[in-house]
Amino acid sequence: MFNLALSNLTHRKIRTGMSVLAVAIAIALLLVLVGLSNGTLNEVSRRMESVEAEIVVRDRHFDIGSLSGGKLWEKEIPSLREIRMDSRPAVRKVIPVFIGRMKLAGLSQNVFGINPEDFPYFAGTRKILSGQLFADFDSPLQALNLDDKPFSSDDDTKSSEKNIHHSLPLVIDRRLSQASVLKVGDTAFYGGSPAHIVGIVETGVAGRVFAPINRLRGANGIAKRTAHMFFIKADPALQTDQLRHLCDKIEKSTRNSRSATLVANYGQVLADNFRNLTIFVSLVSVIALIICFLFILVTMYTMVLERGREIAILQSLGAGRSVILRQTLMEAALICSIGTVLGIALTFGARWLIETVQPLMTIEIRIHWLLLAILIGLGGGCLSALYPGYLALCHDPVETLSFE
Amino acid sequence: MNDFLIKTEKLCKTFRNGRLETPVLFDIDLEIIKGEFVAIMGPSGCGKSTLMHILGLMLSPSSGRVYLEGQDTALLHEKKRACLRRDKIGFVFQRFNLLPTLNAYQNIAVAEQIRRNQPDGQINRALAAVEMTDRAQYKPHQLSIGQQQRIAIARAISHQPALIMADEPTGNLDSAHAQHIMDLFRTIHRQHGITILMITHSQTAARSADRIIYMNDGKIQG
């Protein structure tokens, strides 16, 4: 019976090919969309979790996606450092981060504005591969005053030195450097203002782009010492439960205007922030799958309609309802099996293509998603073939053989 | 009863299409002995094919009894009828009804797979019986019509059925091919002792049978 299914499919090569392609595209679309959204979020959360701090504090209304909502103030830092647990100081260090945004390598990048002396908390064991770390001004006002002076486009050496002093120094990670083909000394633009690359750091640090916090504030026209996040380095003696308790204490001390989360749980925070994106991705995937399975249904329906005589012959040979239904399902399963395998191959191809064209994008393909895709491909295909299979059962062999 | 392969009692068939009723068979009483070669003749529309489809368990009678090897088949569930059809009966059609996407060997193999047999030996024997061993890998469109009918016969006899039902098996063939096919039926009947029930319009073909039954207007004559 397998031979019959196979020969039926190879007999109509183009139609079978189209059906296989429909399944393949739907499966690939599902895997690429899920892989891209999860890959991007996981990559960002892994980088954030690499920060050598235990807790991240944000204003409760701050939205990382749009950088909108409430901000933090550096003047809050002393009160945070006073928090005690078991009569011991619980907070060792508060690291303010001001986040800006600029376009590099064709993608919008978050710029982490930090104090230069805090850089080791972000870099950990990762080294600056070329160039050096930036220096900062003492206050954002200094940067703002500098911004009032026009940027010179003259090409003489003196102007060039002034421009370097004028422009925002940036440290970028190697992956971004490779993607944007930027190296130390190259110029970029932060908004309309000039910026230049002063260092390249190993990939894996929390931000792809770092800038000095006061100069970044100035570049954003902010004169005050605000921040979007505080990373908190806690007392190393604190266990996870105590760190959670510390989060509660921080929130209470700020009358719940601030949200404190374990850095280890940052992935969940990101997922919550981008819940709409996840819903959108799921919706698009489901629509793609529905269209694919409708295609299978129509294909199998057409096959059954035009193969009435064959079904009647099988019935005359003694094939019962189960044999006829199994035959229809076997053909659908064959189409879906080949389509699913092709879809998985297409997914790896698409990943290679996307990561080549957009090296900063990460597509994660996990084994359990592959298994789910196989299950959806085969299960959905067979479900789609049930109605055509039922129609095949309703064939009257006598009528068909008499009038064909 | 035990000597009869097929026996019908007061067999009637009426086709219903909404309010329209078309009676086709009236009170058919028929007995066919095991190993008999019977031809049924009659004008078009007299009910020959309907009778064959009922005896071949592809249609249910409207009333009356149909016994196959002593078993009343009229009230059997479709699944049981399919099993009986699969194990006891082989069909040969006027238009051969081979599966066009499969080769000769695979056409017979499909029938054997439906019967859940391990088919190799039986298929080769059946192909040899119809002298088509050398055409086993040919697809139907690569065979002449006479060869296609031989493959159809090989498919019908591969499982050594109790009954072969042939619906105008020479109707699409020229006289030379028709003669070959009838010779083949006689050989199978003689060598294997299989009961053959054949519908035909051809007097020549009917003369190969042990007995000829004439039908007219849904009734058996004489």
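Two strands count as paired when DSSP finds at least two bridges between them. Keep that in mind for the sheet views below, all taken from a predicted model.

**View 1. Chain A as a whole.** Chain A is built from 16 helices and 14 strands. Its C-alpha trace spans about 95 × 60 × 35 Å along the principal axes. The radius of gyration of chain A is 30 Å, while a compact globule of 404 residues would come out near 22 Å. Of those 404 residues, 39% count as buried. Take the contacts in chain A between residues at least 6 apart in sequence: 82% of them join residues at least 24 apart.

**View 2. Where chain A meets chain B.** Here 19 residues of chain A are in contact with 21 residues of chain B. On the chain A side, the elements that give two or more residues are α1 (2–11), α12 (308–316) and α16 (397–403). Helix α1(A) has the largest share, at five residues. Sorted by class, this side of chain A has ten nonpolar, eight polar and one charged residues.

**View 3. The largest nonpolar core, and a second one.** In soluble globular proteins, nonpolar side chains tend to be buried together. The largest core in this model has 109 residues, and the members that touch the most others are V23(A), I296(A), A154(B), I164(B), M165(B) and L197(B). The biggest contributor is helix α2 (residues 13–49) of chain A, which gives twelve residues. A second core, separate from this one, holds 59 residues, including M48(A), A53(A), A206(A) and I250(A).

**View 4. Zooming in on I296(A).** Leaving out residues up to four places away in sequence, I296(A) touches S19(A) and V23(A). Its other contacts under that rule are A332(A), I335(A), C336(A), G381(A), S384(A) and A385(A).

**View 5. The four-stranded sheet of chain B.** The strands of this open sheet come in the order β2-β1-β4-β5, with antiparallel pairing. The edges belong to β2 (20–33) and β5 (71–72) of chain B; each has a single partner strand, so one side of each has no neighbour in the sheet. Ten bridges tie β1(B), residues 4–17, to β2(B), and one of the matched pairs is L11(B) with I28(B). On to the next pairing: β1(B) runs antiparallel to β4(B), residues 63–68, with five bridges between them, and T8(B) stands opposite V66(B).

**View 6. The β4–β5 hairpin of chain B.** Strands β4(B) and β5(B) are antiparallel and share two bridges. Look for Y67(B), whose bridge partner in β5(B) is D72(B). Two residues sit between the strands of this hairpin, where E69(B) takes a positive phi near 50°.

**View 7. The six-stranded sheet of chain B.** This open sheet has mixed pairing and runs in the order β6-β7-β8-β3-β9-β10. Its edge strands are β6 (89–92) and β10 (219–220) of chain B, each pairing on one side only. Strand β9(B), residues 211–216, pairs with β10(B) in the antiparallel sense over two bridges; M215(B) has I220(B) as its bridge partner.

**View 8. A helix over the six-stranded sheet.** Helix α5 (residues 145–157) of chain B lies across β6 and β7 (163–167) of chain B. Relative to β6(B), helix α5(B) runs at about 170°.

Technical notes
Residues numbered from 1 in each chain as written. Chains lettered and ligands numbered in written order. Predicted model: local features only at pLDDT ≥ 70, side-chain atom pairs only at ≥ 80, totals over all residues. Contact = placed C-beta atoms within 7 Å. Nonpolar A, V, L, I, M, F, W, Y, C, P; charged D, E, K, R; others polar. Rg over C-alpha atoms; globule rule 2.2 N^0.38 Å. Buried ≥ 20, exposed ≤ 12 C-beta atoms within 10 Å, placed from the backbone. Core = buried A, V, L, I, M, F, W, Y, C linked by C-beta atoms within 7 Å. Axes fitted to C-alpha atoms, helices over the stretch in contact; angles between N-to-C directions.
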